[in-house]
Amino acid sequence: MERLKRAYSVKHITSMFDKILILIEFCFVDTVIKVRLVECDPYNIVHNSNYFVWFELGRLDYAKKFGYHIKNIRDENIVYMTLAIKCKFLKSAHYDDELIIKTRINKIPIIYAKYSFEQKLYHMKTGELLAVSQTQNVAIDRERNAVLRLEEDERYSKMEKSIREDIEI
């Protein structure tokens, strides 16, 4: 928060676009993971497929923090889908390691409700970066079978408001 206040004076924030850029740059949500034995091979090294599950947990925590309640989504006419995911594995995680996933939106949705998340997985004790992931997600209207326009995605507006309040803009 202090870094944000030093980097930007409210006087210099003139447009909504500037505000969104600031929100994206400074809003990481942290998710803590403890590696379980079931996620490891016989040598106590985590299997790569588990990273994708952990990254999904990070995106869900991001959504919860900013007003998306996943339980209610199934009752609505909107479906949230992951279109693509890529991951660069840098180092292995091991049994009983404590890890932290840092998640943020890294591409501003402008017209359509398409979101791009950046996620980084760190070892909690050493601070070493273990993996980096990027996903493309989208909100789809079930009835029309079409991507929502941003103004149709009420959850995005709520999330943006929540982020703004979180960093006091």
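1. Strands β3 and β4 (residues 114-123) run antiparallel and are joined by 8 bridges. Within this pairing, Leu 99 has His 123 of β4 as its bridge partner. The model is a predicted one, and the points below should be read as a description of that model.

2. Strand β3 also pairs with strand β1 (residues 29-34), again in the antiparallel sense, through 6 bridges. Lys 34 of this pairing has Glu 98 in β3 as its bridge partner.

3. On its other side in the pairing scheme, β4 is matched with β5: the two are antiparallel and share 9 bridges. Phe 117 is partnered with Thr 135 of β5. The connection between β4 and β5 is a hairpin with 5 residues between the strands, and Gly 127 in the turn has a positive phi of about 75 degrees.

4. Strand β5 (residues 129-141) pairs with β2 as well, over 11 bridges and in the antiparallel sense. Here Lys 88 stands opposite Val 132 in β5. The pairings listed so far connect β1 to β3, β3 to β4, β4 to β5 and β5 to β2.

5. A further antiparallel pairing joins β5 to strand β6 (residues 146-147) by 2 bridges. Asp 141 is opposite Ala 146 in β6. The hairpin of β5 and β6 has 4 residues between the strands, and Asn 145 takes a positive phi near 55 degrees there. The side chain of Asp 141 also meets that of Arg 144 in a salt bridge, at 3.4 Å from N to O. Asp 141 counts as buried because its relative accessibility is 13%, under the 20% cut-off. Arg 144 is partly exposed, with a relative accessible area of 46%.

6. Val 79 lies in strand β2 (residues 78-89). Its relative accessibility is 27%, so the residue counts as partly exposed. Although Val 79 and Ala 139 are 60 residues apart in sequence, their C-alpha atoms are 5.7 Å apart in space. Beyond residues up to four places away in sequence, Val 79 touches Val 138, Ala 139, Ile 140 and Arg 142.

7. Helix α3 (residues 49-65) contains 17 residues and spans 25 Å from first to last C-alpha, close to the 24 Å expected at 1.5 Å a residue. Its buried residues are Asn 50, Tyr 51, Trp 54, Phe 55, Gly 58, Arg 59, Tyr 62 and Ala 63. Gly 67, which follows α3, has a positive phi near 100 degrees.

8. Arg 59 of helix α3 deserves a separate check. Arg 59 is buried but has no salt bridge, and the nearest side chain of opposite charge, that of Glu 56, is 5.2 Å away. A salt bridge would require a distance within 4 Å. Leaving aside neighbours within four places in sequence, the contacts of Arg 59 are Thr 82, Ile 85, Thr 103, Phe 117, Gln 119, Thr 135 and Asn 137.

9. Thr 103, one of the contacts of Arg 59, sits in strand β3 (residues 98-107). Thr 103 is buried, with a relative accessible area of 0%. The side chains of Thr 103 and Gln 119 are joined by a polar contact of 3.0 Å. Outside the four-residue sequence window, Thr 103 contacts Cys 27, Phe 28, Val 29, Gly 58, Arg 59, Tyr 62, Phe 117, Glu 118 and Gln 119.

10. The structure holds 7 salt bridges. Among them is the one between Lys 34 and Asp 96, whose closest N and O atoms are 3.3 Å apart. This pair links distant parts of the chain, with Lys 34 in strand β1 and Asp 96 in the loop between β2 and β3, 62 residues apart. Lys 34 is partly exposed, at a relative accessible area of 44%, and Asp 96 is likewise partly exposed, at 39%.

11. Glu 118 and Arg 104 form another salt bridge, at 2.5 Å from N to O. It connects strand β4, where Glu 118 lies, with strand β3, which holds Arg 104, across 14 residues of sequence. Both Glu 118 and Arg 104 are buried. Arg 104, Glu 118 and Lys 120 belong to one network, joined by salt bridges that share partners.

Technical notes
Residues numbered from 1 in each chain as written. Predicted model: local features only at pLDDT ≥ 70, side-chain atom pairs only at ≥ 80, totals over all residues. Heavy atoms only, no water. Buried < 20%, exposed > 50% of the residue type's maximum accessible area, 1.4 Å probe, protein only. Contact = heavy atoms within 4.5 Å. Polar contact = N/O pair within 3.5 Å; in protein donor to acceptor, adjacent residues only side chain to side chain. Expected span 1.5 Å × (residues − 1). Lys, Arg positive; Asp, Glu negative; His and termini not counted. Pairing = 2+ DSSP bridges.
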